[in-house]
Amino acid sequence: MHNEVNSLGRNAVAIDEDVVAGLGDRTIGPEHKGLPPAAWGRTVREFLATAPSLDQFETPLLTIDRSAVEANVAVMADWASAAGVQLAPHGKTTMSPQLWAQQLAAGCWGITLATIWQVQVARSFGVSRVLLANALVDPVGLHWVAAELANDPAFEFVCWADSVETIELMDEHLRSAPGSAKVRVLVELGGPHGRTGARTVEQAHAVAAAITGARRLTLAGVGGYEGALAHDRMAGATDTVRHYLDELARLHRELAAAGRYPDGAIVTAGGSAYPDLVVERLASLADEQGAQGVPTSVVLRSGAYIIHDDGFYAGISPFAAARSEKPLRSAMHGWARAISRPEPELALLDAGRRDLPFDEGLPVPQYVAGPEGSALAATVSALNDQHAFLRLPEGTELAVGAVVRLGLSHPCTAFDKWRLIPVIDDADAKSPRVVDFLHTFF
């Protein structure tokens, strides 16, 4: 286990590097989509030793560009440090402990997750600080958390609650839970027509009071998700986000003034669409040393930045190329083979909804792969389960058997379709080399 003290005097979050490295000893088999039969029966480490190239793999395929991932991690780490905020990237984006380890090594404060099962996966890899961005009322999950806290004093766990009823249920379930440690809870503030979260600051105060009165809970701060309230960068959307973040800041200040925090506070917001607005409205609350009375960490939970995309986030992120001098780069691509040309202006590719994301935009053809590769002016009009409909301009040549590289939108719904994802050295190379594999846990 790796455990150091960072510049703020806090223990740096740990992950068991030996367990992560042990993923290389897993055996490849036919359950690993896209990997060639020549890899079956070998461990990941053994197959990588053969120096495979991408053209040895089957289609369809999802790949991750190593250089883009490394650049994205550095961009976000530098930006958060300069802004004076912490990063707890949302691990559910990738569910890849190898990428979590990379993010933690770059200085991230912790890992955010969405379900108690995901937290349990993180703990199996030794992650020592987890923010569960959700309410936890499952009795089995609460008992497990209590046992983890009792067995490992170094484990830090925080979850959310948005109602008095939630608090009462949590406290009731924890009565018979092991140990005596209190579960740290953030009051979740939401907004009209949003997702979860108390709908007003006044309701949030009632939740905070209930936490304070609970036997096995302690108030740890405030949090929420602004991304549920807007979906673009039009003025109306960004005004809505700013207003919400101002209300979150007001809630925190009022709780601090009332002496509600027994041991410092966390203020957390920030998906991957509006992290700049979170910094704009909340970064001033950061007071790690408690000089203003309450030690306060402002924590962003952006998760998609490490992969980025060629679709939704490329259009809305403040780190898109058109908005930033140090932009994020899309690190994921789909690769699909033309298997039919039934009409002059139509090709069918062998990748569909089971292989590629489609909830935030369809894949975008980029070029025909191979040594003689060329740009491809075409569009994907629809996905079936295992087919993509590729619409081609009149006169376009695309041979049956040709492989098309596709730009993708929304990494959250790309990773969950793959158990083992090839990492390549350079997605723009004529013959990319496979230099690693990412294991996912969905």
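Mentor: Start with a rule: buried means under 20% relative accessible area, exposed means over 50%, and partly exposed is in between (1.4 Å probe, protein chains only). This is a predicted model, where local features need pLDDT of at least 70, side-chain atom pairs count only at pLDDT 80 or more, and totals for chains, interfaces and linings use all residues. Residues are numbered from 1 along each chain as its sequence is written, and side-chain values use heavy atoms, with hydrogens and water left out.

Trainee: Why is arginine 123 called buried?

Mentor: Arginine 123 has a relative accessible area of 14%. The limit is under 20%, so arginine 123 counts as buried.

Trainee: What makes arginine 123 and glutamate 148 a salt bridge?

Mentor: A salt bridge needs a side-chain nitrogen of Lys or Arg within 4 Å of a carboxyl oxygen of Asp or Glu. Here the N to O distance is 2.8 Å. The pair therefore fits the rule.

Trainee: Which parts does that pair tie together?

Mentor: Arginine 123 lies in helix H5 (residues 116–124), and glutamate 148 in helix H6 (residues 139–151). The two parts are 25 residues apart in sequence. Helices (H or I, at least four residues) and strands (E, at least two) are DSSP runs, numbered from the N terminus.

Trainee: How do you know whether glutamate 148 is buried or exposed?

Mentor: Its relative accessible area is 19%. That is under 20%, so glutamate 148 is buried.

Trainee: What about aspartate 152, and why is it called partly exposed?

Mentor: Aspartate 152 has 23%. That falls between the two cut-offs, so the label is partly exposed. Aspartate 152 also meets arginine 123 in a salt bridge, at 2.9 Å, N to O.

Trainee: What makes aspartate 355 and lysine 33 a salt bridge?

Mentor: Their N to O distance is 3.1 Å. The rule asks for within 4 Å, so the pair counts. The two residues are 322 residues apart and link distant parts of the chain. Aspartate 355 is buried at 2%, whereas lysine 33 is partly exposed at 28%.

Trainee: How many salt bridges does a search of the whole structure find?

Mentor: The search finds 17. Arg242, Asp246, Glu280 and Arg281 are linked in a network of them.

Trainee: Why is cysteine 412 without a bond to cysteine 108?

Mentor: A disulfide is a pair of cysteine sulfur atoms within 2.5 Å. The closest cysteine sulfur to that of cysteine 412 is in cysteine 108, 16 Å away, so it is too far for a bond. By this rule the count is 0 disulfides.
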